[in-house]
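Dear colleague,

Please find below the sequence and the structure that I am handing over to you. My notes on what was found follow directly after them.

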Amino acid sequence: MSQLVLSSLTDGISRSVGALAGSVTDLFEPTLRLGVTGLSGAGKTVFITALVANLLDRGRMPQLAAEAQGRIETVLLQPQPDLTLPRFDYEGHLSALLGSEPRWPQSTRAVSELRLSFRLRPSGLLGLAGSGRLHLDIVDYPGEWLLDLSLLDKDYPRWSAETLERIGKRPEAAAFLALARAEDGALALDEPRAQSLAAAFTDYLNAARGKGWSDLTPGRFLLPGDLAGSPVLTFAPLPEPASAPRGSLWREMERRFEAYKAKVVKPFFRDHFSRIDRQVVLMDVLGAIHAGPRAVEDLRRTMAEILTAFRPGANGWLNRILGGKRVEKILFAATKADHLHHHQHPALTAITEALLSDARRRADFSGARTAALSLASIRATVEDSVQRDGAPLDLVRGRLQGTGKQAAMYAGDLPTDPARILAPAREGAERWLDADFALMGFAPARMTLKPGEGPPHIRLDRAAEFLIGDRL
Ligand SMILES: Nc1nc2c(ncn2[C@@H]2O[C@H](COP(=O)(O)OP(=O)(O)OP(=O)(O)O)[C@@H](O)[C@H]2O)c(=O)[nH]1
Ligand SMILES: [Mg+2]
């Protein structure tokens, strides 16, 4: 799908002008665009906030080689290049995390941008290599919108059929399905009926999100912003009628579905994704394991659909304009690793790699360097060890979200062989047979930062080194 998707994203000339202008200024001011990709709740906003804080104050970034070698002179927040976008509320998010009652940021409702500028000391014998400046541009957006990438290569009949089939057995969808099945798409459009179908489908999507499903399209139904109530969001999947004359419900839904793709989905990805140099793909793998085999399979399938569209080099038209610009590095990261004792981090990373192996093969990221790791953008726990049944049990402790009480958590025995997680998920198992996986929502820990130190994390420095280290 990707060839089609990304080349069709580049239609329209407005972008080509912007892209050219971008590449010209880049000649004077080297710029890296970092794409932070992940479903809702994967940890994008926390990652960006923690990354920026730890790049501004690098006391906890020993694995960032440029820092260890003293090549970074200063790092500053700068005015972002796109003046029409809201600025990422870095200060607001950070002060929520650092307050006396530390809080996680709210789920993101709109797109925003931030520019971080590095001033680098000359390095190398002649002081030539690596000297100067580097701008790092980062965009944050609601994870729900990412899912719409999978719509771009689907037409309305296919999306309808696939969606109805997939949700057929979900109890949350029962009310919507009853309504949709009673509809005859061949009859003339009746706007109030179209609205109640769209409303019922939106109710289903909200319920499905609550249940932990990740295949929730169209994403704007969950977060409409200023499009709420417009016809472009007033459609729903329907059973295909034998014939559908002009003006029929089916034909009108089809028209709106196409308008949604053209007017909402494409501009978003064209403006924010088509010029990405480095990409970090964040996944709440622990959360999915906790939710059960179906959630793991759902996450695997959803990520595969998304990643196929990110295939580097597939954006031919764009490549020509930008002289071969493409995603050079992709980091796959399991987030929230502070829910596990570090002994279990290799198992989490192995499961993450295995979960993505199909997607990586299919997407054929040739030319891009990829890596996988487990990280915590903000470390909310401390490690501990207790005796249980005469043997030591390694666990973590933290302050519970909501009650604020201290609690110890052992996530369960994550298998070192990822197949023990992935095989039952693929086979459609209802629950894990031989294991139970716990998960607690920890609030951020109270932090007092020393001057020059960012908030505590796990492997954020390794992530930064992989993503941008070669340019510092
Ligand atoms: N313990 C721990 N929890 C985390 C960490 N990062 C994120 N979380 C949890 O995950 C939740 C979601 O993180 P966000 O950064 O808001 O996720 P997002 O990807 O921006 O989600 P949307 O804005 O909805 O797309 C947070 O509210 C925290 O509860 C982490 O490093 N450690
Ligand atoms: Mg967010």
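I begin with a single residue: Leu-85 is located in the loop that connects strand E2 (72-78) with helix H5 (90-98). Please bear in mind throughout that this is a predicted model. Leu-85 has a relative accessible area of 14%, and it therefore counts as buried, the cut-off being under 20%. In sequence, Leu-85 and Val-111 are separated by 26 residues, while their C-alpha atoms are 7.3 Å apart in space.

The remaining notes concern the ligand. Ligand 1 occupies the largest pocket. Around ligand 1 there are 21 residues, and the closest are Ser-40, Lys-44, Ser-107, Thr-108 and Gly-143. By type, this shell consists of nine nonpolar, nine polar and three charged residues. Helix H3 (residues 44-56) makes the greatest contribution to the shell, supplying three residues.

Several polar contacts to ligand 1 may be of interest to you. A nitrogen atom of ligand 1 is 2.9 Å from an N or O atom in the side chain of Asp-338. Two further contacts involve the protein backbone: an oxygen atom of ligand 1 lies 3.1 Å from a polar backbone atom of Ile-378, and an oxygen atom of ligand 1 lies 3.4 Å from a polar backbone atom of Ala-42. On its own, ligand 1 would expose 640 Å², of which the protein buries 91%.

With kind regards

Terms used:
Residues numbered from 1 in each chain as written. Chains lettered and ligands numbered in written order. Predicted model: local features only at pLDDT ≥ 70, side-chain atom pairs only at ≥ 80, totals over all residues. Heavy atoms only, no water. Near = heavy atom within 4 Å. Polar contact = N/O pair within 3.5 Å; in protein donor to acceptor, adjacent residues only side chain to side chain. Areas by Shrake-Rupley, 256 points an atom, 1.4 Å probe, with all protein chains shown as cover. 1 Å grid on protein atoms, 1.4 Å probe; cavity = no way out; pocket = protein on both sides within 12 Å on 5 of 7 lines; lining within 4 Å. Sits in = over half its atoms within 2 Å of the grid points. Helix = DSSP H or I, 4+ residues; strand = E, 2+ residues; numbered from the N terminus. Nonpolar A, V, L, I, M, F, W, Y, C, P; charged D, E, K, R; others polar. Buried < 20%, exposed > 50% of the residue type's maximum accessible area, 1.4 Å probe, protein only.
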